[in-house]
Amino acid sequence: MTASLVKSDPQLRTLTDPDITLQDVIKSLPKECFKQNAVKAWTGAIINVLMVALGYVAIVNSPWYLLPLAWIFTGTALTGFFVIGHDAGHRSFAKKRWVNDVVGHLFMMPLIYPFHCWRILHNFHHTHTNELDVDNAWRPFDGAEYESLDPVIRTVYELIRGYFWWVGSIVHWANLHFNWTTFDEKDKGDVKLSIGVVVLFAAIAFPTLIYFTGIWGFVKFWLIPWMVYHFWMSTFTIVHHTASDIPFQPTEVWNAAEAQLVGSVHCKYPGWVEFLCHDINVHIPHHVSTAIPSYNLRMAHQSLKENWGQYVYEREFNWALMKEISEECHLYDSEKAYRSFKEHQAAS
């Protein structure tokens, strides 16, 4: 039985046994979880392409009042493109590295996401999940850092940690993935290649789209579906590791097993979203081991519930969840994980 702590529980989510290691958790998983299946991988990719194509057929043929539904479907299917690239970035899509690199570039290219830039930064996130001042995904600022921000940057931070969370991944994408000078020397060749691929794609695809369909065509066929994709990217990523009882930890006390097993959230979304996005919401086993392909995540999650049920955190995607995150999970607090902007202002 899963002992999922609820918001009212005063205890932070931590390991009750500090001697548990991440390897202990990994070894408890069935070996089948790690087996790659080329048929499943390529079937998922082909179905995803067909779903995106179906979405664009719907956009072309929908009357104006049905366009929002077509945009939502297409943008969600494009999020599946990202997840295919995500598996490729973790080398769990195919056994050959060059196949993963080609697949990653092809599926992330329409999203204007430089594959190697994302792969390197995302693997860093996995190495330092919920490590305060180190993790690069939705890490909370403390009060002093927040007060030291330029007013414009502070406003942006307030917005994306509040009810504009859904544009957070756009800020992350634009701020971190196009400056090759911030990457290690050994990675700069790959990084420049990936930036070049998406710049070339945009330089060809965008003018062509505008030429044949006009500015409205660009907005209708690319920009709005891309915004829907970022809605899901922002939502998935903030929910993955953010709750009022999940703490980020300073490096000196950070624990890998605690961060990956206890600090990751399994969130249930509508079935059609989970289908189109290849179960990216089944996130705890993915953080236990990135070697698990997306089509084996549910098997691994069930094993984790059986063996580590007291640590498995399950939520449901709804307004109450996003309200909690948007109104409470703002700034780092050493005693209760987060404090809100209002609490910070009241204490100042």
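Visitor: Is Asn48 buried or exposed?

Guide: A good place to start, and please keep in mind that this is a predicted model. To read burial, look at the relative accessible area: a residue counts as buried when that value is under 20%. Asn48 has a relative accessible area of 3%, so it is buried.

Visitor: Where in the chain does Asn48 lie?

Guide: Asn48 belongs to helix α2, which covers residues 38-61.

Visitor: Which residues is Asn48 in contact with, leaving aside its neighbours within four places in sequence?

Guide: A contact here means heavy atoms within 4.5 Å. With those neighbours set aside, Asn48 touches Ala77, Gly80, Phe81, Ile84, Leu276 and His278. Take His278 as an example: 230 residues separate Asn48 and His278 in sequence, yet their C-alpha atoms are 9.1 Å apart in space.

Visitor: How do I read such long-range contacts for the chain as a whole?

Guide: Take the contacts between residues at least 6 apart in sequence, and ask what share of them join residues at least 24 apart. In this chain that share is 72%.

Visitor: What is the secondary structure of the chain?

Guide: The chain has 15 helices and 4 strands. One of the helices, α8, spans residues 168-176, and its buried residues are Gly168, Ser169, Ile170 and Trp173.

Visitor: Which helices do the buried residues of α8 pack against?

Guide: They pack against α7 (151-160) and α9 (188-241).

Visitor: How do I judge the overall form of the chain?

Guide: The idea is to compare the radius of gyration with the value for a compact globule. For 348 residues that value would be near 20 Å, and the chain agrees because its own radius of gyration is 20 Å. The C-alpha atoms fill a box of roughly 60 × 50 × 45 Å along the principal axes. Buried residues account for 53% of the 348 residues.

Visitor: What about the surface and the charges?

Guide: About 16,300 Å² of the chain is exposed, with carbon and sulfur atoms supplying 64% of that area. For the charges, compare mean positions: those of the 26 positive and 33 negative charges lie 8 Å apart.

Visitor: How many disulfides does the whole structure have?

Guide: To count as a disulfide, two cysteine sulfur atoms must be within 2.5 Å. A search of the whole structure finds 0 disulfides. As for individual cysteines, Cys33 is buried, with a relative accessible area of 0%, and Cys117 is also buried, with a value of 0%.

Visitor: Is Trp272 buried, partly exposed or exposed?

Guide: Values between the buried and exposed cut-offs, 20% and 50%, are called partly exposed. Trp272 has a relative accessible area of 40%, so it is partly exposed. Trp272 sits in helix α11, residues 271-276. Leaving aside neighbours within four places in sequence, Trp272 is in contact with Ile72 and Thr76. For a distance to try in the viewer, the C-alpha atoms of Trp272 and Lys95 are 29 Å apart, with these positions 177 residues apart along the chain.

Visitor: What is notable about the backbone angle phi of Asp133?

Guide: Although Asp133 is not a glycine, its phi is positive, at about 70°. Asp133 lies in the loop between α5 (115-127) and α6 (143-148). Trp138, found in the loop between α5 and α6, has a positive phi of about 55° although it is not a glycine.

Visitor: How do Asp133 and Trp138 read in terms of burial?

Guide: Asp133 is exposed, with a relative accessible area of 53%, whereas Trp138 is buried, with a value of 13%.

Technical notes:
Residues numbered from 1 in each chain as written. Predicted model: local features only at pLDDT ≥ 70, side-chain atom pairs only at ≥ 80, totals over all residues. Heavy atoms only, no water. Helix = DSSP H or I, 4+ residues; strand = E, 2+ residues; numbered from the N terminus. Rg over C-alpha atoms; globule rule 2.2 N^0.38 Å. Buried < 20%, exposed > 50% of the residue type's maximum accessible area, 1.4 Å probe, protein only. Areas by Shrake-Rupley, 256 points an atom, 1.4 Å probe, with all protein chains shown as cover. Lys, Arg positive; Asp, Glu negative; His and termini not counted. Charge placed at Lys NZ, Arg CZ, Asp CG, Glu CD.
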